[in-house]
Amino acid sequence: NETIVNQALQALQDICKEILIKFYYEKKSMRKIAASLGTISEENVRKHKYRCLGHLRKMITNKIYFHG
């Protein structure tokens, strides 16, 4: 399962990958993520995170469904 998640995560757009890794793996706050990105507000980081999780879920579901 971890391999499927990592493969899906690597297939995401860079901004998604960066936000999700910083939030879930590095345990950074939305404020710190926004500051590290520099060109995006804290609120937009939240929105991106929500959308990115949706993309990640869809990719994982499709991979499990279509590839077992």
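Axes here are lines fitted to C-alpha atoms, for helices over the stretch in contact, and the angles between their N-to-C directions run from 0 to 180 degrees. The legends below describe a predicted model.

**Figure 1. Helices H1 and H2 pack against each other at an oblique angle.** Helix H1 spans residues 2-11 and helix H2 spans residues 14-25; their axes come within 9 Å and cross at roughly 140°. Because of that crossing angle, H1 is oblique to H2. On the H1 side the contact is made by Val-5, Asn-6, Leu-9 and Gln-10, while H2 contributes Lys-17, Leu-20, Ile-21 and Tyr-25. By type, the residues of this contact comprise five nonpolar, two polar and one charged.

**Figure 2. The largest nonpolar core of the chain has ten residues.** Its members are Ile-4, Ala-8, Leu-9, Leu-12, Cys-16, Leu-20, Cys-52, Leu-53, Leu-56 and Ile-60. At least two residues of this core come from each of H1, H2 and helix H4 (42-67). The most is given by H4, which supplies four residues. Apart from this core lies another, of seven residues, including Ile-33, Ala-34, Leu-37 and Val-45. In soluble globular proteins, nonpolar side chains tend to be buried together.

**Figure 3. The surroundings of Ile-60 include residues far from it in sequence order.** Leaving aside residues up to four places away in sequence, Ile-60 touches Ile-4, Val-5 and Ala-8. Of these partners, Val-5 also takes part in the contact of H1 with H2, whereas Ile-4 and Ala-8 belong to the ten-residue core together with Ile-60.

**Figure 4. Helix H3 has a buried side and a face turned away from that side.** Helix H3 covers residues 30-37, and its buried residues are Met-30, Ile-33, Ala-34 and Leu-37. These four lie on the same side of H3 because they cover an arc of only 100° around the axis. The face turned away from the buried side carries the exposed residues Arg-31, Lys-32 and Ala-35. Just after H3, Gly-38 adopts a positive phi of about 80°.

**Figure 5. Lys-22 and Lys-27 are in contact.** Lys-22 is a residue of helix H2. It counts as buried because its relative accessibility is 17%, and buried means under 20%. Setting aside residues up to four places away in sequence, Lys-22 touches Lys-27, Lys-28, Ile-33 and Ser-36. Lys-27 is found in the loop between H2 and H3. With 67% relative accessibility, Lys-27 counts as exposed. The phi of Lys-27 is near 60°, a positive value in a residue other than glycine.

**Figure 6. Asn-44 of helix H4 is shown with Ala-34.** The C-alpha atoms of Asn-44 and Ala-34 are 8.3 Å apart in space, and the two residues are ten residues apart in sequence. Asn-44 is partly exposed, with a relative accessible area of 34%, whereas Ala-34 is among the buried residues of H3.

**Figure 7. The whole chain places these views in context.** The secondary structure comes to four helices and zero strands, in the pattern α-α-α-α when read along the sequence. Taken along the principal axes, the C-alpha atoms fill a box of roughly 40 × 20 × 15 Å. Of the 68 residues in the chain, 29% are buried. Among contacts with a separation of 6 or more, 47% join residues 24 or more positions apart.

Definitions and conventions:
Residues numbered from 1 in each chain as written. Predicted model: local features only at pLDDT ≥ 70, side-chain atom pairs only at ≥ 80, totals over all residues. Heavy atoms only, no water. Parallel < 35°, antiparallel > 145°, perpendicular 65-115°, else oblique. Contact = heavy atoms within 4.5 Å. Nonpolar A, V, L, I, M, F, W, Y, C, P; charged D, E, K, R; others polar. Buried < 20%, exposed > 50% of the residue type's maximum accessible area, 1.4 Å probe, protein only. Arc of directions from axis to C-beta. Core = buried A, V, L, I, M, F, W, Y, C linked by side-chain atoms within 4.5 Å.
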